[in-house]
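Q: I am new to this structure and should be grateful for a close look at a single part of it, followed outward into its surroundings.

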Amino acid sequence: MSHVYCPECGFQNPVAANFCSKCGTRLPKEDPSEQTMTFAADDLGEDAAGALAEVPGKGPVLVVRSGGGRAGESFHPSGDRTLIGRSPDCDVFLDDVTVSRRHAEITRDGDRFSIADLGSLNGTFVNRKRIESQVLEDDDEVQIGKYRLTFLLRR
């Protein structure tokens with residue numbers, strides 16, 4: 001890595017810098033494998049191989065449509081809270097540097113499901129709009145890092 005990005009303003013600084021040359025914020029000195037890389041929602045192209053797979057059964061499910069070679073893989077939110085992130089401790093483990101360690105969470109309130117961003121670097125998107133928190137509807141597209149997933153209620 002030849003540059004480090006300021007966590008405050010996003011300015012690209014030399015890797016040897018201790019402070020951002022644009023805003024003066026102290027630059028993190030973490031293990032590069034632990035840092036989340038920036039990623040824009042529009043960086044993903046439409047992937048024909050990532051078409052929604054038929055998922056058997058009932059109940060809510062997140063189906064990976066594209067990203068990380070995991071198209072067709074599915075996750076079933078269980079309990080009142082489902083944590084999504086790059087940490088192996090998360091309920092939905094998405095192992096990629098575009099995903100924050102604790103990126104987002106899905107919460108359940110009766111038959112209603114909501115998703116909330118947990119302060120991730122790249123944000124959480126529902127139907128291609130960046131959100132802080134939003135109720136999920138059947139067939140909503142959720143984007144976390146480079147992963148595009150579809151939320152299905154399957155009642």
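In which loop does Asp96 lie, and between which strands?

A: The model is a predicted one. Within this model, Asp96 is found in the loop that runs between strand 6 (92-93) and strand 7 (104-109). Its relative accessibility is 14%, and because buried means under 20%, Asp96 counts as buried.

The surroundings of Asp96 come next. Leaving aside residues up to four places away in sequence, Asp96 touches Arg86, Lys146 and Tyr147. With Lys146 there is a polar contact from side chain to side chain, at 3.1 Å. Tyr147 is 51 residues from Asp96 in sequence, yet the two C-alpha atoms are 9.1 Å apart in space.

The strands on either side of this loop belong to a sheet. Five strands make up this open sheet, in the order 6-5-7-8-11, with mixed pairing. Strand 6 and strand 11 (133-136) are its edge strands, each pairing on one side only. Strand 6 pairs with strand 5 (residues 81-85) in the parallel sense, over two bridges. Gly85 stands opposite Phe93, a residue of strand 6. As a general matter, the strands of a sheet pair through backbone hydrogen bonds, in either a parallel or an antiparallel manner.

Strand 7, at the other end of the loop, leads to the nonpolar interior. The largest nonpolar core has 20 residues, and those with the most contacts inside it are Leu62, Ile84, Leu94, Ile115 and Ile144. Two or more residues each are given to this core by strand 3 (61-66), strand 7, strand 8 (112-117), strand 12 (140-144) and strand 13 (147-152). Strand 13 gives the most, with three residues. A second core, separate from this one, has five residues, including Val4, Cys6, Ala17 and Leu27. In soluble globular proteins, nonpolar side chains tend to be buried together.

Leu62 offers a view of the contacts made by one of these core residues. Among the residues that Leu62 touches, not counting those up to four places away in sequence, are Phe75, Ile84, Ile106, Val142, Leu149 and Phe151.

Phe151 also takes part in an aromatic pair. The structure holds one such pair. Its members, Phe113 and Phe151, are tilted, with 5.7 Å from centre to centre and 55° between the planes. Phe113 lies in strand 8 and Phe151 in strand 13, so the pair ties together parts that are 38 residues apart in sequence. Both Phe113 and Phe151 are buried.

Note on methods: Residues are numbered from 1 along each chain as its sequence is written. This is a predicted model: local features need pLDDT of at least 70, side-chain atom pairs count only at pLDDT 80 or more; totals for chains, interfaces and linings use all residues. Side-chain values use heavy atoms; hydrogens and water are left out. Helices (H or I, at least four residues) and strands (E, at least two) are DSSP runs, numbered from the N terminus. Buried means under 20% relative accessible area, exposed over 50%, partly exposed in between (1.4 Å probe, protein chains only). Contact means heavy atoms within 4.5 Å. A polar contact is a pair of N or O atoms within 3.5 Å; within protein, one must be able to donate a hydrogen and the other to accept it, and residues adjacent in sequence count only if both atoms are side-chain atoms. Two strands pair if DSSP finds at least two bridges between them. A nonpolar core is a set of buried Ala, Val, Leu, Ile, Met, Phe, Trp, Tyr and Cys residues joined through side-chain atoms within 4.5 Å. Rings of Phe, Tyr and Trp (its six-membered ring) pair if their centres lie within 6.5 Å; planes under 30 degrees apart count as stacked, over 60 as edge-to-face and the rest as tilted.
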